[in-house]
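Visitor: Please take me through one part of this structure in close detail. Pick a single helix and tell me how its faces differ.

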Amino acid sequence: MTELLYLIYILAFVIGAIFGLVLSYKKYSLPFVIEKMDNLALTISIIAWILLINSSLIQFIPQEIIVIVSLFLVSLIIGMRPGYGRKETYVGIIIAGLIYLLRLLIGGT
Amino acid sequence: MDKLKLFSYIGLIISIIGIGYALIFNLPAWIVYTISIFLIPVFLLTIGLIVMAKPIKDEEEERVFEPFIGY
Amino acid sequence: MASILINLLIAAFMGTVLIGLQRKVMARVQMRPGPPIIQYVLHTLKFYLKETSFPKTAAMPFYIAIASTLCAIWVTGIIMGPVTQGSLLLIFGIYAMHKIVEHNAGSSSGSPYGKLSCVRAVFSASAELPLFALLIVVYLQTHTMIISDIITYQSINGPLIFSIPLAGIMFFVLLITKSHYSLFSITKGKDIISGYETEHFGVMRGYLMFSESISWYMLLWIYLTVFFGPLSLISYFMGMIVISVIIAIINAISPILNPNHSVMFQITCAFIGIFGSIILMII
């Protein structure tokens, strides 16, 4: 059962990456040149990484579903057209990491 | 239907039956391993040969049946 | 059977994503964006749907059988590894068969590039020396070749990477050998186009790529299991990602070695690994 769950996680990642690639090619017509952050991608990235790293905060939805959705959203941003989505991913990781550290400090364990 | 397609379909049907049989029924371990080692590759190969792209009728002669140019 | 199929799919998808991640990291080290991480997945699917034809100069049915053999041996690897945790010696047999497949895929094709790669594959069987030496060292340390017993040994005595570190380094060199774009990849160097895969195109190429991604996952799985002890699935994935990134950084900053140098480097590593480990065990 655990193995089936991990297969679903990996499939969520791959399918999210494919969607990210297709959608980002529709959105950006040029190869990556200008270093500007996309607000929609930034929002999705922050939500996705917070859900992935701090999934135990939400109790009313099963953990597995949260991880599947968050992996899909994470790979949506990571899998964007090469060059795009980098900064959004870094910001998402940093914010999610800070929330995790805060939880550790406040929660104790 | 040419020979390749015919053998591919036969291989596909045999491998689907074998893998389905091993999935549904509780067989001894060595039979399951034998079926998976032989029939999973056949399944993947035959599916590939069946779904692969087909050449345009006019070009088939020169693309598929290449002349031997020797080395 | 369900366990075999699920593990096969995990190995295939995880292997392709890891190979794609390697290419991405290599590109970033070289200060360019690189392809998307799922590039290898997309390539495998693309080739799978392309037309293949069988060259007149290819040795039939060997030409098709050898591609099927690669898939069959890695399905065996999945059975020996994650499913039954069987004998390490069988895994060595599978690697020897992989080398044989590289050799025969080249010789079954009519292309001169394939034949050159076939010869180089035999040449680079020196890469199997570290693997063989490693099995001896692991056996001398744990007195068993069965993976499940090695895991039990490690849960009692700690990870093997600390007790036989030189063997761990030797296996790491073997990992580099088997990676894509590595410094030892003489069988697939661009001077011989695609090496033994040159005349296996279309569906055959997609088939070979699928099996290679399973082999990459299995190699990392064996390394993590034998040297880092009992791990949860999440730790496996994290470990595989870390090792792939490290190997990608090494591959990005090193050129492909000339066949002679490649072979000598691998033999030297095997030598240092086995004799160093035995001396450390005696001391």
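**A close look at one helix**

Guide: Start on the outward side. In this predicted model, helix 7 of chain C has a face turned away from its buried side, and that face carries two exposed residues, C:Ser155 and C:Ile156.

Now turn to the buried side. Helix 7 of chain C spans residues 147-157. Its buried residues are C:Ile147, C:Ile150 and C:Gln154. Look down the axis of helix 7 of chain C: the buried residues fall within an arc of 55°, so they line one face of the helix. The general rule helps here. An α-helix has 3.6 residues a turn, so residues three or four places apart point the same way.

What covers that face? The cover over the buried residues of helix 7 includes four helices of chain C: helix 4 (88-108), helix 6 (128-142), helix 8 (160-163) and helix 10 (203-228).

Next, the end of the helix. Just after helix 7 of chain C comes C:Gly158, with a positive phi of about 90°.

Step back for the setting. Chain C also meets chain A: 17 residues of chain A are in contact with 16 residues of chain C. On the chain A side, helix 1 (residues 2-27) gives the largest share, 12 residues. That side of chain A divides into 13 nonpolar residues, three polar and one charged.

Chain B rounds off the view. Chain B has three helices and zero strands, in the order α-α-α from the N terminus. Of its 71 residues, 25% are buried.

Methods. Residues are numbered from 1 along each chain as its sequence is written. Chains are lettered from A and ligands numbered from 1 in the order in which they are written. This is a predicted model: local features need pLDDT of at least 70, side-chain atom pairs count only at pLDDT 80 or more; totals for chains, interfaces and linings use all residues. A residue is buried if 20 or more other C-beta atoms lie within 10 Å of its own, exposed if 12 or fewer, and partly exposed in between; C-beta atoms are placed from the backbone. Two residues are in contact if their C-beta atoms, placed from the backbone, lie within 7 Å. Ala, Val, Leu, Ile, Met, Phe, Trp, Tyr, Cys and Pro count as nonpolar, Asp, Glu, Lys and Arg as charged, and the others, Gly among them, as polar. The arc is that of the directions from the helix axis to the C-beta atoms.
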